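Please look over the structure below, with attention to one of its pockets, its nonpolar core and one of its helices.

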Amino acid sequence: SEYVDQEVLDIVYDRTEGHPSHLALLVKWLVEQKYVTRHRTGKFHFNEEFGSKSKEQALTHVPQELERIIRYHKNELPGRLERVLKVAAVLGKAFSFEQLKEVLRLDDLDSFEKTEDLHLELRKLQEFGFIQHVDDKKLNDMSVASMGSGIKYRVARYLSSDSQNPLDLNWKFQDDITQEVILKSIPRKRLSQIEKRRDKVVELANERAKSAAKSDIDDYLELAV
């Protein structure tokens, strides 16, 4: 950009996924706090006087004004839809439909009589601007890195296969900030409950994946003999 240093652009865009209002409020806060200042070259740069803190703030801080806006829209959601959103936030910046369904089932929120019902709820959350469907199975490294090790194992197994895996990470939050704010809004006790159920689902998925891998190895060995 003619007016903004490329490093500032990259970090701010990655953090907000280019969401106009989120990007504007994050940049506004960085300038107000002087973490981003106009350089002698005329371009806006990270303020060198703060050292690495400027970049750290751009990568991690959520301006209060932006957090209030996201929380307001979250609180406007119907009860069940808000619960689905919170569970999804615990799963990470990217999550699978199947994993979400299983965690909701363990969470005693199995009020979706048909798979289509949960699909409908996710589409509503997409319309409200919280999440988006991901058609490309090869998500970026940041999305995969936000998952636990068990999920990474399944992602690697999925990406190395041409077959359709129902546990692919086919949904993601609109941007990092949205997921962070929703996650932060969950009371500690409730957060712990969801995390335990998430970990249980991951454990079961790993067991199934390892069992399938063992079966594949046995087949290969049998053919090799």
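In this predicted model, α2 (20–32) and α4 (64–75) each supply at least two residues of the lining of the second largest pocket, and α4 gives the most, with three residues. Local features need pLDDT of at least 70 and side-chain atom pairs count only at pLDDT 80 or more, while totals for chains, interfaces and linings use all residues. Residues are numbered from 1 along each chain as its sequence is written, and side-chain values use heavy atoms, with hydrogens and water left out.

**Pocket**
- The second largest pocket has a volume of about 150 Å³, and its lining is made up of H19, S21, H22, I69, I70, H73, F128, G129, F130 and T178.
- A pocket here is an open set of points on a 1 Å grid where a 1.4 Å probe fits, with protein on both sides within 12 Å along at least five of seven lines, and lining residues have an atom within 4 Å of a point.
- Four of the lining residues are nonpolar and six are polar, with no charged ones.

**Nonpolar core**
- The largest nonpolar core (buried nonpolar residues joined through side-chain atoms within 4.5 Å) has 42 residues, and those with the most contacts inside it are F95, L100, L122, L125 and I131.
- Helix α5 (residues 79–91) provides the largest share of this core, eight residues.

**Helix α1**
- In helix α1 (residues 6–16), the buried residues (under 20% relative accessible area, 1.4 Å probe, protein chains only) are V8, I11, V12, R15 and T16.
- Seen down the axis of α1, these buried residues fall within an arc of 115°, so they line one face of the helix.

Notes: Points joined across faces, edges and corners; volume = space filled by probe spheres on them. Helix = DSSP H or I, 4+ residues; strand = E, 2+ residues; numbered from the N terminus. Nonpolar A, V, L, I, M, F, W, Y, C, P; charged D, E, K, R; others polar. Buried < 20%, exposed > 50% of the residue type's maximum accessible area, 1.4 Å probe, protein only. Arc of directions from axis to C-beta.
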